[in-house]
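Please open the model in your viewer and keep the sequence panel beside it, since each stop on this tour asks you to select a few residues and then look at what surrounds them.

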Amino acid sequence: MKFTALQIAGILEGDIVGNPDVEVSKLSKIEEGIEGSLTFLANPKYKSYIYTTKASITIVNRSFEPESDVTTTLVKVDDAYKSFSKLLEYYNQVKLNKFGIEQPSHISKNTTHGDDVYIGAFTYIGENVSIGNNVKIFPNSYIGDNVKIGDNTVLFAGAKVYSDCIVGKNCVINSGAIIGADGFGFAPNENGEYTKVPQTGNVILEDFVDIGAATTIDRATLGSTIIRKGVKLDNQIQIAHNVEIGKNTVIAAQTGVAGSTKIGENCIIGGQVGIVGHITIGNNVKIQAQSGIGRNVKDDEVLQGSPAFAYADYNKSYVYFKKFPKS
């Protein structure tokens with residue numbers, strides 16, 4: 001896929017300094033630019049690289065004036081960083097602009113789908129599935145019975161959506177993600193053996209939710225595990241059964257949330273955070289990486305820390321520890 005400087009300037013409403021017909025087919029960092037690549041200069045720390053980069057086209061701010069000769073063609077815009085991001089989004093849309101149903105794939109006869117869908121090879125789609133307009137399902141994906149998928153949603157290769165789950169509009173589910181596996185529900189008997197508790201609920205992803213690669217969201221025991229509108233989950237996150245995550249909350253990789261916990265809106269949760277079950281975390285909470293959360297959290301709290309040692313010793317030590325800021 002190739003773009004000329006003239007086409008790029010048209011997309012970004014920019015001005016060209018140099019060859020309008022030069023073509024690019026790849027992206028690069030400015031310090032690693034090669035012929036045929038597109039890059040950008042937004043941070044003044046990287047200004048020196050514009051005189052040595054071999055990138056064919058560089059997006060720069062309109063205020064930039066070279067102090068010596070440059071070989072790269074410049075596209076001048078109001079904000080180089082935002083314009084480059086816009087171009088990435090445009091490039092991604094073009095790259096994902098696939099249509100049609102590839103074979104071999106299995107689509108049950110009572111499945112319905114909208115216009116302009118793409119269903120990749122080796123995909124399985126179960127009974128009574130409803131797929132909206134412009135949905136892209138990449139190869140080797142699995143869609144269970146009674147699933148609903150909203151318009152403009154993308155499932156990348158190998159994504160799994162188990163039966164009865166609901167996926168909203170404009171969602172992204174990355175490769176290896178599993179939506180709707182059974183929650184971790186087991187009950188011990190008198191012999192200390194564990195019997196599985198049936199998990200009869202589902203998972204609901206509302207609109208504009210992004211799910212990272214290899215992230216798992218378990219179905220509810222009863223009712224629904226709910227991921228609200230605009231939530232962004234990184235790779236390799238575990239969300240347990242009956243959890244609810246409020247809108248526009250973001251969670252970084254390797255975090256685990258135990259069952260029936262409620263997380264509020266607009267929270268920011270770092271990587272490798274552990275959150276116990278059956279608690280409530282308020283709105284606008286910030287939790288630093290590798291923290292352990294074992295209690296209810298009020299709105300607007302900022303938390304850090306997870307000392308892991310003997311439970312009884314920890315409780316004794318905490319009596320003194322919590323008084324340190326006052327001493």
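The tour below passes through a sheet, a cavity, a pocket, a second sheet and two loop residues.

**Before you start**

Bear in mind throughout that this is a predicted model.

**Stop 1: the five-stranded sheet**

Begin by selecting the strands β2, β7, β6, β5 and β4, which lie in that order in an open sheet whose pairing is mixed. At its edges are β2, residues 15–17, and β4, each of which pairs on one side only. Next, colour helix α1, residues 5–12, which packs on this sheet and touches β2, β5, β6 and β7, while its direction makes about 10° with that of β7.

Now walk across the sheet one pair at a time. Strand β2 is joined to β7, residues 73–77, by three bridges, and these two strands run antiparallel; to find the place, show Val 17 and its bridge partner in β7, Leu 74. On moving to β6 and β7, you will see a parallel pair joined by five bridges, in which Val 60 has Lys 76 of β7 as its bridge partner. The pairing of β5 with β6 is likewise in the parallel sense, over three bridges, and here Phe 40 stands opposite Ile 59 of β6.

Is β6 mostly covered or mostly open? Strand β6 is mostly covered, with four of its five residues buried.

**Stop 2: the cavity**

Rolling a probe the size of a water molecule over the atoms shows where empty space is left. In this model, one cavity of 30 Å³ or more is counted, and the volume of the largest cavity is about 110 Å³. To see its walls, select Met 1, Phe 3, Ile 8, Val 24, Ser 25, Lys 26, Leu 27, Leu 38, Leu 87, Leu 88, Tyr 90 and Tyr 91, which line the largest cavity.

Which elements supply at least two residues each to this lining? They are β4, residues 26–27, and α2, residues 80–95, and α2 gives the most, with four residues. If you colour the lining of the largest cavity by class, you should find 10 nonpolar residues, one polar residue and one charged residue.

**Stop 3: the second largest pocket**

Stay with α2, which also provides the largest share of the lining of the second largest pocket, namely three residues. About 440 Å³ of space lies in this pocket. Of the 13 residues that line the second largest pocket, select Asn 92, Gln 93, Leu 96, Asn 152 and Val 154, which lie nearest its centre. By class, the lining of this pocket comprises five nonpolar, six polar and two charged residues.

**Stop 4: the nine-stranded sheet**

Now select β10, β13, β16, β19, β24, β27, β30, β33 and β36, which in that order make up an open sheet of nine strands with parallel pairing. The edge strands are β10, residues 112–113, and β36, and each of them pairs on one side only. For a closer view of one pair, show β30, residues 244–245, and β33, residues 262–263, which run parallel and are joined by two bridges; within this pair, Glu 244 has Lys 262 of β33 as its bridge partner.

**Stop 5: Asn 248**

From β30, move on to Asn 248, which is found in the loop between β30 and β31, the latter being residues 250–251. Asn 248 counts as partly exposed because its relative accessibility is 40%. If you draw a distance from its C-alpha atom to that of Val 231, the value is 4.6 Å, although the two residues are 17 residues apart in sequence. Apart from neighbours within four places in sequence, Asn 248 is in contact with Lys 229, Gly 230, Val 231, Asn 266 and Cys 267.

**Stop 6: Ile 279**

Finish at Ile 279, whose place is in the loop between β35, residues 274–275, and β36, residues 280–281. Is Ile 279 buried or exposed? Ile 279 counts as buried because its relative accessible area is 7%, and the cut-off for buried is under 20%. The C-alpha atoms of Ile 279 and Asn 296 are separated by 5.2 Å, with the two residues 17 residues apart along the chain. To display its surroundings, select Ser 260, Thr 261, Lys 262, Ile 293, Arg 295 and Asn 296, with which Ile 279 is in contact once its neighbours within four places in sequence are left aside.

Key:
Residues are numbered from 1 along each chain as its sequence is written. This is a predicted model: local features need pLDDT of at least 70, side-chain atom pairs count only at pLDDT 80 or more; totals for chains, interfaces and linings use all residues. Side-chain values use heavy atoms; hydrogens and water are left out. On a 1 Å grid over the protein atoms alone, a cavity is a set of points where a 1.4 Å probe fits but cannot get out, and a pocket is an open set with protein on both sides within 12 Å along at least five of seven lines; lining residues have an atom within 4 Å of a point. Grid points are joined across faces, edges and corners, and a volume is the space filled by probe spheres set on the points. Ala, Val, Leu, Ile, Met, Phe, Trp, Tyr, Cys and Pro count as nonpolar, Asp, Glu, Lys and Arg as charged, and the others, Gly among them, as polar. Two strands pair if DSSP finds at least two bridges between them. Contact means heavy atoms within 4.5 Å. Axes are lines fitted to C-alpha atoms, for helices over the stretch in contact, and angles run from 0 to 180 degrees between N-to-C directions. Buried means under 20% relative accessible area, exposed over 50%, partly exposed in between (1.4 Å probe, protein chains only).
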